[in-house]
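Biologist: I am new to this structure and would like a close look at a single part of it, followed outward from one strand to whatever lies beside it. Could you take me through that part slowly, in one connected account?

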4 protein chains.
Amino acid sequence: MTQKLPTRPVLTLAAAKVMAAAAEDVALKNEWSVAIAIVDDSGSLLYFQRMDQNANSSVDVAIAKAIHAVNFRRPTSFHEDLLDKGNMVVLGMPGMLPLEGGIPLRVGEHVVGAIGVSGVRSSQDSIIAQAGEQALTTYLSDSGIIENDF
Amino acid sequence: MTQKLPTRPVLTLAAAKVMAAAAEDVALKNEWSVAIAIVDDSGSLLYFQRMDQNANSSVDVAIAKAIHAVNFRRPTSFHEDLLDKGNMVVLGMPGMLPLEGGIPLRVGEHVVGAIGVSGVRSSQDSIIAQAGEQALTTYLSDSGIIENDF
Amino acid sequence: MTQKLPTRPVLTLAAAKVMAAAAEDVALKNEWSVAIAIVDDSGSLLYFQRMDQNANSSVDVAIAKAIHAVNFRRPTSFHEDLLDKGNMVVLGMPGMLPLEGGIPLRVGEHVVGAIGVSGVRSSQDSIIAQAGEQALTTYLSDSGIIENDF
Amino acid sequence: MTQKLPTRPVLTLAAAKVMAAAAEDVALKNEWSVAIAIVDDSGSLLYFQRMDQNANSSVDVAIAKAIHAVNFRRPTSFHEDLLDKGNMVVLGMPGMLPLEGGIPLRVGEHVVGAIGVSGVRSSQDSIIAQAGEQALTTYLSDSGIIENDF
């Protein structure tokens, strides 16, 4: 291994499952049926689950929110706010879905992935996604090895 | 069949033909030329017909309205109204066509499919689609078994 | 619900998780890193997980195998065999991925979904997918109501 | 209207319905479940119906066969035969689906559309498609106006 190449942390399936379980738990407690998508730092799908009775549209929307969040390194709500303020270019950007519920996953200075949720009101989707993000923070800090700076 | 899996009703070709005939009848009486698309609960095409002199664009629009309605479980007019009120994100949602004329088909608590119409004014498209939806209600209630809750 | 519409069983997230856990278990025991995709009867994604160190290509391949299996109601190995015998049209069919590792999930006369696996040799992918399919059979028969005919 | 522009016959919805009914009749008598697609001379969908229990894959395949037939002005079996003889370029042609069951509809020197069928063996799909094509011939000759030269 050369020291000339930097490294970056890689989101694991184990971490994704912890996140999804925490997100699903919030959804179940609220009797919300959602699709939950977790992507890696390239936007490639790492984990996905769709709860019963969830609308068809949620599959693509949940994945699109996660991809937006990791690719632009911003929560989807950031661009939703821009759109609300009249910044229409948001609608013309490739790969953008300006609706809250997609959150990038930061570990130190790195974005290691994102979580996207769809199925209920976008503000509720966002609560679920935040629960997933928070579970990652807890999971990583529990390890006692890495401090992350969410 | 195991009881561990729930069941849901499936839209048939016979029902679709009843709907399409009722919709076409309204179109003919008004001398409107339209494309009529009926999709199943997954958004897959079940029935389609395009009347003579119909504009090319109506093929994709009618199908897209039906897919929108079934996937989001809302009439396309729901999101058209949101857009009219300034909710621009509607334009950025994958699979959305916020123009009236697409109606989900509900049987009890299930969305079993949708009908989409395109070719004349969207308010007229919608009248035709509603005639199709109403024909399904009548068709199903003819069985005399259970009232469905459209 | 009217009797004029037939019904069909619907694959649940609970069932999908049982299948995925069984499939992952086989993968872990063999130290195989794979992507596992489970789709519903329309080919829409229901569950997905990708193990660490898995090649990027496996995401799309696992999903495509599952979609192939449910849409054509055949294991992907069926069409791989046809191709091996010189039936080249298999390569020109839309939505076909003629490589073993995708298996339709049958419950009685219904195909309720499919499982697709990608990451190791396709014969190994298939062993993992079969473990998932078998777990569904066991899960459903546990109800003690009816035997299904896989 | 200028005489400088030639005219061509245009397939009507009425004609398409006659074709579809004849095709469906053959399918029903054989207890075959198929999707039947009829496209106009541009390959745009004019009529479509999918029978109950039909596999998901048939929707795209039936439409693709019809588009192939009208765009290349050949039955899909023509290119299937070429492929069988080792002409692999067939697999690299855009819009080609070299599997029998797609038939162009000729009226005089014009190709006015095509019919595509999918759901059973391709040789059976082709029998159904031929019934549709034949019904058009009969329909047109009954009018006593146009002789067509199928």
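Modeller: In this predicted model, strand β1 of chain A, residues 35-40, is largely enclosed by the rest of the structure, because 6 of its 6 residues are buried. The burial can be followed on both faces of β1(A): A:A35, A:A37 and A:V39 are buried on one side, and A:I36, A:I38 and A:D40 are buried on the other. The background to this division is that side chains in a regular strand alternate between the two faces of the sheet.

The strands that pair with β1(A) come next. With strand β4 of chain A, residues 110-118, β1(A) pairs in the antiparallel sense over 6 bridges, and within β4(A) it is A:G116 that stands opposite A:A37. With β2(A), the pairing of β1(A) is also antiparallel and runs over 5 bridges, and here the bridge partner of A:A37 is A:F48. A:A37 therefore serves as a useful landmark, being one of the buried residues of β1(A) with a partner in β4(A) and another in β2(A). The hairpin of β1(A) and β2(A) has 4 residues between the strands, and in this hairpin A:G43 takes a positive phi near 90 degrees.

From β2(A) the path leads on to another chain. Strand β3 of chain C, residues 45-50, is joined to β2(A) by 3 bridges, and these two strands run antiparallel. A:F48, already met as the partner of A:A37, has C:F48 as its bridge partner in β3(C).

The wider contact between the two chains takes 17 residues from chain A and 17 residues from chain C. About 1300 Å² is buried between chain A and chain C, with carbon and sulfur atoms giving 47% of that area. On the side of chain A, the residues that lose the most area to chain C are A:L13, A:L45 and A:R50, which together make up 35% of what that side buries.

As for polar links, chain A and chain C have 10 residue pairs in polar contact, and 4 salt bridges are found across their interface. One of the salt bridges is formed by A:K17 with C:E24, whose closest N and O atoms are 2.5 Å apart. The side of chain A that touches chain C draws at least two residues from each of α1 (13-29), β2 (45-50) and α2 (57-72), and β2(A) provides the largest share, 6 residues. Sorted by class, that side of chain A has 9 nonpolar, 3 polar and 5 charged residues.

Technical notes: Residues numbered from 1 in each chain as written. Chains lettered and ligands numbered in written order. Predicted model: local features only at pLDDT ≥ 70, side-chain atom pairs only at ≥ 80, totals over all residues. Heavy atoms only, no water. Contact = heavy atoms within 4.5 Å. Buried area = accessible area lost by both parts, 1.4 Å probe. Salt bridge = Lys/Arg side-chain N within 4 Å of Asp/Glu carboxyl O. Polar contact = N/O pair within 3.5 Å; in protein donor to acceptor, adjacent residues only side chain to side chain. Nonpolar A, V, L, I, M, F, W, Y, C, P; charged D, E, K, R; others polar. Pairing = 2+ DSSP bridges. Buried < 20%, exposed > 50% of the residue type's maximum accessible area, 1.4 Å probe, protein only.
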